[in-house]
Amino acid sequence: NVPAARLAQGNKDLVSGNASLLSKVERHQRLDDGIALLMEQYSKLLKCAKVKGPVAQQTSDFSSSVLSAGLLQSADGLLRLSEELIRERVIGDHKSIQSEIQKLTRHQLVQAAESERRLHLIRSEMTEALRQLETSYYCPSE
């Protein structure tokens, strides 16, 4: 039964690792797509900036406004992706978190065992003191 539990845990770790890998691949793809979109919109914005006649200039101004908005949205998407990657790096270090939890758990178990030992010692001292008190109370004093 124990090997089956270990096998199940190994499979769970493998699935978790694959999900993490897929998540990383997806993030890198989003990063590549975001950068490509940002560069494409920037180049279009530069093309709209040419000096033209009044009507063409108004059309160009409108186009540049739309492209600027798209550029800002792409930059915002990349910033969100960057924050997500930073958060993943900070929070996603599961091995170090797990080792820290295990270290803390061992320390707390040692403290609990020491507290139990002290409580048993106090209990035996109190029991002995109660016996002495009962003996002195019930025995006639001479």
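**Close-ups of a three-helix chain**

Tyr-138 comes out at 65% relative accessibility, so this residue counts as exposed. Keep in mind for every view that this is a predicted model.

**View 1. Two tyrosine rings make an aromatic pair**. We start with Tyr-138 and Tyr-137. A search through the whole structure turns up one aromatic pair. Its rings belong to Tyr-137 and Tyr-138, with centres 5.1 Å apart and planes at 80°, so the pair is edge-to-face. The cut-off behind that label is an angle over 60 degrees. Is Tyr-137 buried or exposed? Tyr-137 is exposed, at a relative accessible area of 64%, and Tyr-138 is exposed too, at 65%.

**View 2. The whole chain, helix by helix**. Step back for a moment to see where everything sits. The chain has three helices and zero strands, which gives the pattern α-α-α when you read along the sequence. Helix H1 takes in residues 2-48 and helix H2 residues 54-91, while helix H3 covers residues 94-138. How much of the chain counts as buried? Just 9% of the 142 residues do. The accessible surface adds up to about 12300 Å², and carbon and sulfur atoms own 62% of that. Looking at contacts with a separation of 6 or more, 63% are between residues 24 or more positions apart.

**View 3. How confident the prediction is**. Across the chain the mean pLDDT is 76, and 72% of the residues reach 70 or more. Which helix has the lowest confidence, and which the highest? H1 is lowest, with a mean of 68, and H3 is highest, at 88. Where pLDDT is low, the predicted coordinates should not be read in detail.

**View 4. A salt bridge between H1 and H2**. The structure holds four salt bridges, and one of them pairs Arg-30 with Glu-84. Their closest N and O atoms are 3.4 Å apart. What does this pair tie together? Arg-30 lies in helix H1 and Glu-84 in helix H2, so the bridge links parts that are 54 residues apart in sequence. Arg-30 is partly exposed, at 36% relative accessibility, and Glu-84 is also partly exposed, at 21%. The cut-off for buried is under 20%, so Glu-84, with its 21%, does not count as buried.

**View 5. A small salt-bridge network in H3**. Put Glu-114 in the middle of your screen. On one side, Glu-114 meets Arg-117 in a salt bridge, at 2.5 Å from N to O. These two are three residues apart in helix H3, so about one helical turn separates them. Glu-114 also forms a salt bridge with Arg-118, where the closest N and O atoms are 3.3 Å apart. Here the spacing is four residues in helix H3, again about one helical turn. With Glu-114 as a shared partner, Glu-114, Arg-117 and Arg-118 are joined into one network. Glu-114 is partly exposed, at 29%, and so is Arg-117, at 46%.

**View 6. A nonpolar patch on the surface**. Which residues build it? Ile-86, Val-90 and Ile-91 do, and together they show about 310 Å² of accessible area. Ile-86 belongs to helix H2. With a relative accessible area of 52%, Ile-86 is exposed, given that the cut-off is over 50%.

Note on methods:
Residues are numbered from 1 along each chain as its sequence is written. This is a predicted model: local features need pLDDT of at least 70, side-chain atom pairs count only at pLDDT 80 or more; totals for chains, interfaces and linings use all residues. Side-chain values use heavy atoms; hydrogens and water are left out. A salt bridge is a side-chain nitrogen of Lys or Arg within 4 Å of a carboxyl oxygen of Asp or Glu. Buried means under 20% relative accessible area, exposed over 50%, partly exposed in between (1.4 Å probe, protein chains only). pLDDT is the predictor's confidence in each residue, from 0 to 100. Patches are made of residues with over 30% relative accessible area and no salt bridge: like charges are joined within 9 Å, nonpolar side chains (Val, Leu, Ile, Met, Phe, Trp, Tyr) within 5 Å. Accessible areas come from the Shrake-Rupley method with a 1.4 Å probe; for residues, only the protein chains shown count as cover. Rings of Phe, Tyr and Trp (its six-membered ring) pair if their centres lie within 6.5 Å; planes under 30 degrees apart count as stacked, over 60 as edge-to-face and the rest as tilted. Contact means heavy atoms within 4.5 Å.
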